[in-house]
Amino acid sequence: MIEVHERVHRSLQELVEHCGDLGPGDLNRELPGFGYPTVRLQLHHVIGAEEYWVGVLQGRVEADENDAAYPTTAALEAYRRRVGTATAAYLGAVAAEELNTPRPMRTWGGRERVLVPAHVILRTMMHVYHHLGQVAAMCRLLGRPTEGRDLNYPTA
């Protein structure tokens, strides 16, 4: 799972780097038809979701909803690295049995749910590719298509 997480973050890093060529206007331009209407908000959301869910696995219910603290792709890349490093540390420290055993966890609003930690981690990784596709579509609409970038899951 550590290797899969690393590969997912390579794709996300590549996307953040691609978006670094967008000016502040395009990075923050609202585009209709997307739940998070700007490239910057999409990137903040996907990184923040991983941070939130790994926190849930560790008994914390917190979310970094201060997207204004990440006004640039450089700030978003630093956030991605910090969250990715924390997730990798969690995965490196947790036993396989714990990862694969359902247990009750508290989520937003004090809701208790029985979750399998490995499924939560896999969900955060699939979530990256969902939003990666949305950001790629947004980049195309902004005249900065992602052609030439390998944003798919790296198989090598």
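**Exercise 1.** Which residue in strand 2 is the bridge partner of Pro 104? Work it out on this predicted model.

*Solution.* Begin with the two strands: strand 1 covers residues 103–107 and strand 2 covers residues 111–115. They run antiparallel and are joined by five bridges. Now look across from Pro 104: its bridge partner in strand 2 is Val 114. To finish, follow the chain through the hairpin, where three residues lie between the strands. Among the residues of this hairpin, Gly 109 takes a positive phi near 75°.

**Exercise 2.** Place Val 39 in the fold, and decide whether Val 39 is buried or exposed.

*Solution.* Start with the secondary structure: Val 39 belongs to helix 3, which spans residues 39–57. Next, check the relative accessible area, which is 1% for Val 39. Buried means under 20%, so Val 39 is buried, given its 1%. Then list the contacts, leaving out residues up to four places away in sequence: Val 39 touches Cys 19, Leu 22, Leu 27, Val 135, Met 138 and Leu 142. For a sense of distance, try Ile 2 as well: its C-alpha atom is separated from that of Val 39 by 27 Å, and the two residues are 37 apart along the chain.

**Exercise 3.** Find which residues have the most contacts inside the largest nonpolar core, and which elements contribute to that core.

*Solution.* This core has 41 residues, and those with the most contacts inside it are Cys 19, Val 39, Leu 43 and Tyr 90. Two or more residues come from each of helix 1 (2–19), helix 3, helix 4 (73–93) and helix 6 (117–141). Now take Cys 19 and set aside its neighbours within four places in sequence: its contacts are Leu 27, Val 39, Leu 43, Thr 73, Val 135 and Cys 139.

Technical notes:
Residues are numbered from 1 along each chain as its sequence is written. This is a predicted model: local features need pLDDT of at least 70, side-chain atom pairs count only at pLDDT 80 or more; totals for chains, interfaces and linings use all residues. Side-chain values use heavy atoms; hydrogens and water are left out. Helices (H or I, at least four residues) and strands (E, at least two) are DSSP runs, numbered from the N terminus. Buried means under 20% relative accessible area, exposed over 50%, partly exposed in between (1.4 Å probe, protein chains only). Contact means heavy atoms within 4.5 Å. Two strands pair if DSSP finds at least two bridges between them. A nonpolar core is a set of buried Ala, Val, Leu, Ile, Met, Phe, Trp, Tyr and Cys residues joined through side-chain atoms within 4.5 Å.
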